[in-house]
Amino acid sequence: MVGIAHPTHSPIHPVTPPPLMSTKVLDIQNVTVSFDGFKALSNLNFSMDEGELRVIIGPNGAGKTTFLDVITGKTKPTEGVTYFKGQDLRKYKEHEIARLGIGRKFQTPRVYLNLTPRENLDLSCNRTKTIFPTLFKKPPTAEKRTVGGLLETIGLDHKADIPAALLSHGEKQWLEIGMLVAQSPDLLLVDEPVAGLTDEETEQTGNLLMSLAESHSIVVIEHDMEFVRQIARQVTVLHQGTVLCEGTMDQIQNDPKVIEVYLGKETSLTPEQMLLLRIAATMAWADDNFADVQQQVILDRLSRKFAHAPEEQASLREDLKDLLAKDIPLEELVPQLTTPAQREQALMLSYEVISSNQINETEAIIYQTLLNLLDLPPDTVRRLEAAALEELAVRGD
Ligand code: ADP
Ligand code: MG
């Protein structure tokens, strides 16, 4: 190697790479949408990479639908810019944006009920082609293969030739997703795809979206937390028209800001009380079956503590259901209890929850784990268990 000049890497002159072309499929910069002075979106910044599957959650009124409206051009931002693959969307009208490659699936399926799934898909495929009919003319066999492939993707190949009116709600949703995909969008926007679906349909919808995510960028807006957990990689939480936080499902569910937003300010739940509820919920989830009666116990305790009006209670109940997420290990939760009084309360509430119906083996095991972690004197444990059973008996039902 003698005599050969080696390139030196001087720290004084670091090699700076040339600026890369943006590969962001969406880049939303400082977007505000005002309706008569009310900001539905407020200085919102958001971006996602090509090929990403992003889930957006947020309480009612957070601005989720407006967010989609801005991307599709239905609503124009009062301030700020939205870029789709580097193109400034301010220049385009709604139908032009759709043609650029953004497909939106609305909450209620928009399929032709008197046509079959195959005919519905045929129409969608042709709709794209009629823009440049001569350029895009394909032999009928190739087209058939496309529609056939789509039918397979959405799991409707066995129902391809019956009227769409006979499909279940979930199957109609898949058909509409298929009709969007038929138009080959680069970005798919999906608004609450599993509202009103059965558990099985919900899971299949998740699988469908995940398989589509291999070849599309997808934004999903969703309330169903279990579903979000199934599909989510990166989650964005919207609140009051702006991004509250972003991260994995685990990160956002343990973020105090998110918990606060989902519970609403008017509830005076303290972080300690929240922790107690989460421990009780983890117990209830242990057997993968958060029974209604167990939810009832948790929610009853809440209502008695905070004496909300019935309608407030109902919405709190919905929010809590989302919040009381499963799969948070007790080993993480219990050490956060700081006083002996809190540890006693955690035991009592948890014992009440699992005793609200027949304690099964899984529940017995997790309860033992809880006891070990709480490390309370045996006398205290017995006293609290008795008190918990009394609570249950007093409430009757
Ligand atoms: P989300 O979909 O998260 O429930 P929206 O985007 O529908 O929220 O609405 C965000 C806020 O903007 C709400 O307070 C809503 O009342 C308000 N809003 C939405 N659209 C309009 C409109 N066209 N005129 C006035 N206010 C609106
Ligand atoms: Mg909405």
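Start with the open sheet of this predicted model: select its 6 strands, which run in the order β6-β7-β8-β3-β9-β10 with mixed pairing. Colour β6 (102-105) and β10 (242-247) separately, since these are the edge strands, and each of them pairs on one side only. Now look along the sheet: on average, neighbouring strands are turned by 20 degrees against each other, direction ignored.

Next, zoom in on β6 and strand β7 (residues 187-191), where 4 bridges join the two in the parallel sense. Show R104 here, and you will find L189 of β7 standing opposite.

Keep the sheet on screen and add helix α6 (residues 199-212). Helix α6 lies across β3 (53-57), β7 and β8 (217-221), and its direction is at about 150 degrees to β8.

Now for the aromatic rings: there are 2 aromatic pairs to visit. Select F46 and F67 first. Their ring centres are 5.0 Å apart and their planes stand at 80 degrees, so this pair is edge-to-face. It links distant parts of the chain, with F46 in strand β2 (residues 38-49) and F67 in helix α1 (residues 64-72), 21 residues apart. Turn on a surface, too: F46 and F67 are both buried.

For the last stop, select Y351 and Y367. This aromatic pair is tilted, at 5.2 Å centre to centre with 45 degrees between the planes. Y351 belongs to helix α14 (residues 340-355) and Y367 to helix α15 (residues 361-374), so that distant parts of the chain, 16 residues apart, are linked. Are these tyrosines buried or exposed? Y351 is buried, with a relative accessible area of 13%, and Y367 is buried at 8%.

Methods:
Residues are numbered from 1 along each chain as its sequence is written. Chains are lettered from A and ligands numbered from 1 in the order in which they are written. This is a predicted model: local features need pLDDT of at least 70, side-chain atom pairs count only at pLDDT 80 or more; totals for chains, interfaces and linings use all residues. Side-chain values use heavy atoms; hydrogens and water are left out. Rings of Phe, Tyr and Trp (its six-membered ring) pair if their centres lie within 6.5 Å; planes under 30 degrees apart count as stacked, over 60 as edge-to-face and the rest as tilted. Buried means under 20% relative accessible area, exposed over 50%, partly exposed in between (1.4 Å probe, protein chains only). Two strands pair if DSSP finds at least two bridges between them. Axes are lines fitted to C-alpha atoms, for helices over the stretch in contact, and angles run from 0 to 180 degrees between N-to-C directions. Contact means heavy atoms within 4.5 Å.
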